[in-house]
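Here's a friendly tour for anyone opening this structure for the first time. Take a look around, then read on.

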Amino acid sequence: MKHKLYNRFSLFLLSYLTLSLIVGLLSISYYRIDGEHQMRLVEKQEDASVALQQVIINSEMKSIISDLISLSNVPYPVGRQSAYSEDMLLVKQFFLRLIQQNSHYQSIKFIDLNGNPMTQGAISEFGVPVFNFISNVTLDTAVERQLFDKTINLSRSHLYISAISFLSFDKRTNRRPAAITQFATSVFTRAGLKSGVVVISIFMSDVFKQLSEVDVHGVGRHIFADAQGVVIVSQNKGENWRFNLAEGERTSIADRYPLSSDYILNNDKGQKLTTEGLISFVTLRPFEKNMSISSDSFDGRAKNTSEYIWKAVSFIPAASLEKLVHPNAKLYVLANVILLIVMAVISAVIAEISVKRIHIAQRLKEERQNFKAIADFTYDWETWKTPDGSYNYVSPSCERISGYCAEDFIEHPELFFQIIHSSDRPKVKSAIRASEQQREFVHVDFRILRRDGTERWISHTGKPVFNKEQQFLGWRASNSDITERKHIELQMSELAMHDQLTGLPNRKLLYEHCQHILAQAIRESHKVALLFIDLDNFKSVNDILGHAIGDEFLQQVANAMKDNIRAEDIVSRVGGDEFIAVFPRVDNLAVAKELANKLKMSINELAQSIDIEGEKVSASIGIALFPDQATTIEEMVIVADKNMYKAKRGGKNAVCTSGQ
């Protein structure tokens, strides 16, 4: 009996330990793999978060600069003109429109050559845009005088940006203080003579408020820092943005993230996982490279720089990151406890098996011990280059990636550069050879042509190798095949900016193009036409013939319009059966009407094949002309839309303009 009990207990213990080991390994593997998967998701989301911050801030800054340039071209009154003069009324209209359209504009002010404020548009304490004609007033504060002195001597299109400072009182919210930045430039008359300075004061808290929805996890800490790493503004775990302007509050990236500060300051963008947590960052360059910018640092010293940059940094602390990576840790522990109990029951059942089956159990044990863990490894193309430029080692994976074997590269070291795509070769040679000469880390992505002629994307990372005596031993590099990732990135970029049905640019891409088109039209003094096109009776096509026929017809319309415009013109789908066509260069309204009629005729020809019980599909088109009828893309769309509805009310299948 003792022998049987002993065998039963031994078998129970053996079975329990074996099952526990197998399930434990599987559980740990799952925990690790799931954690890695969640970490990749978090990294991608954080990467997208800082990228979205970059888009929002860059777009806002470019909009402000565009308004400032437009303001510098307004004919401001000379001397103490009447508040009801034609020039003054034009200035008033322009100031009030900008203040009303941009809630984050605190004020717009024009100062003449003598430093006397002449006109000002601002938000009143009741939240209403007001315009004041200022007389017998001078710049009586040091801040205003400093701003005027630093801007009045600037050349045309040269901008001055003040450091962020606190306004003692925010009239809109009855709160104090409010963070303000001022953008200024010199104003010139049509004759090219300098007439003064125009200043836009911006509520920076409103600008950053747009970023509140960017934190997808709600646990991140966000900061914006200047080029020297000094923190300008920060936000913790969904709180309001806090401007760190006071001397005692001012910190730097190095203070907050000592393990990652050099990496952040020395790279345009990136992501780094440290013991502190996950850091994602991107460098913001909100202004064109050829734009001349002057700005102030926090201590008031002026600095002229070829680039005006910020660093946007998102940080998830290690503790919060652990919760994101393993959100179901408690459930995981509970599941493992249940598994242990189940395994104990199973082991007890196995223990009841007779001694005659012990040999089977032993054989099963031997088979279990023969199982091996299977894992997928990504084998990168590794190389070791000696100080004299020859290859000491090339891993076999080079053949899988490039089609050339290791011996090919060892015998012909120059082969590596020869297979690089001709368009990428100069930048890759420059980056790799510069890093080898300076013995610094390098990372560059580029295309190669395999032996069979196919194209692949490669991510190249290299670093120098030294021994304990700091003697240079050569250059270690790793090349990863990132072709699939690049294809996905290109597809995502294309989908985000184009209509999926017709392939035409969507409203977002259209507006981005039009900002450049209107800016060029202002510089070159030519007209721009915008056509708002709506298909008449198209709903009946979907209702009677079905959405499949309707979608096919929309595709045909899109192709027809593309065939009837010039290469520089743009056609965009902005709604179900609504399109916008933009013609960057037209001589007059008559030319715009000819273009509209041409498009209308091409649509009518297509519609002849559509039978919807007596009704005919046609096109009603409204026209807006820049700058005669509108001065911004938004205004052009509104004017063209109204004219389009005028065409519909007049019987459809027509082209209408303002005043017609």
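What follows is a short walk through the model, from the whole chain down to single residues.

## The big picture

First things first: this is a predicted model. The chain has 660 residues, and 44% of them are buried. Its secondary structure adds up to 19 helices and 25 strands.

How much of the contact in the chain comes from residues 24 or more positions apart? Taking the contacts with a separation of 6 or more, such residues account for 60%.

## Two nonpolar cores

The largest nonpolar core holds 44 residues. Ile57, Leu71, Tyr76, Ile108, Phe183, Phe224 and Trp310 have the most contacts inside it. Helix α1 (residues 2-72) gives this core its largest share, eight residues.

Another core, of 32 residues, lies apart from that one. Leu504, Ala529, Leu554 and Ala558 are among its members.

## Helix α17

Now for a helix that runs from residue 547 to residue 563. Its 17 residues reach 24 Å from the first C-alpha to the last, close to the 24 Å expected at 1.5 Å a residue.

Which residues of α17 are buried? They are Gly550, Phe553, Leu554, Val557, Ala558, Ala560 and Met561. These cover an arc of only 165° around the axis, so they sit on the same side of α17. On the other side, Ala548 and Asp563 are exposed. The buried residues of α17 pack against β21 (527-536), α16 (538-545), β22, β23 (578-586) and α18 (589-607). Two of them, Leu554 and Ala558, also belong to the core of 32 residues.

## An open sheet

Some of those packing partners turn up again in an open sheet of five strands, in the order β22-β23-β21-β24-β25 and with mixed pairing. At the edges are β22 (570-573) and β25 (655-656), each pairing on one side only.

Look at the β25 end: strand β24 (residues 618-626) runs parallel to β25, and two bridges join them. Here isoleucine 621 stands opposite valine 655 of β25.

## Helix α13 and its surroundings

Helix α13 (residues 425-438) has 14 residues, which should span 20 Å at 1.5 Å a residue; the C-alpha atoms at its ends are indeed 20 Å apart. Val428, Ile432 and Ser435 are its buried residues. Seen down the axis, they fall within an arc of 65°, so they line one face of the helix. Pro426, Gln437 and Gln438, on the other side, are exposed.

What do the buried residues of α13 pack against? Their partners are α12 (415-418), β18 (442-449), β19 (455-466) and β20 (472-481). Just after the helix, arginine 439 takes a positive phi of about 55°.

## A hairpin

Strands β16 (residues 381-385) and β17 (residues 391-394) run antiparallel and are joined by three bridges. Lysine 385 stands opposite tyrosine 391 in β17. The two strands form a hairpin with five residues between them, and in the turn glycine 389 has a positive phi of about 100°.

## Serine 201 up close

Let's finish with one residue. Serine 201 sits in strand β7 (residues 194-203). Is it buried or exposed? Serine 201 has a relative accessible area of 4%, so it counts as buried, the cut-off being under 20%.

The side chain of serine 201 makes a polar contact of 3.3 Å with the side chain of glutamine 182. Leaving aside residues up to four places away in sequence, serine 201 touches His104, Tyr105, Gln106, Ser107, Ile180, Thr181 and Gln182.

Notes. Residues are numbered from 1 along each chain as its sequence is written. This is a predicted model: local features need pLDDT of at least 70, side-chain atom pairs count only at pLDDT 80 or more; totals for chains, interfaces and linings use all residues. Side-chain values use heavy atoms; hydrogens and water are left out. A nonpolar core is a set of buried Ala, Val, Leu, Ile, Met, Phe, Trp, Tyr and Cys residues joined through side-chain atoms within 4.5 Å. Buried means under 20% relative accessible area, exposed over 50%, partly exposed in between (1.4 Å probe, protein chains only). Helices (H or I, at least four residues) and strands (E, at least two) are DSSP runs, numbered from the N terminus. The expected span of a helix is 1.5 Å times one less than its number of residues. The arc is that of the directions from the helix axis to the C-beta atoms. Contact means heavy atoms within 4.5 Å. Two strands pair if DSSP finds at least two bridges between them. A polar contact is a pair of N or O atoms within 3.5 Å; within protein, one must be able to donate a hydrogen and the other to accept it, and residues adjacent in sequence count only if both atoms are side-chain atoms.
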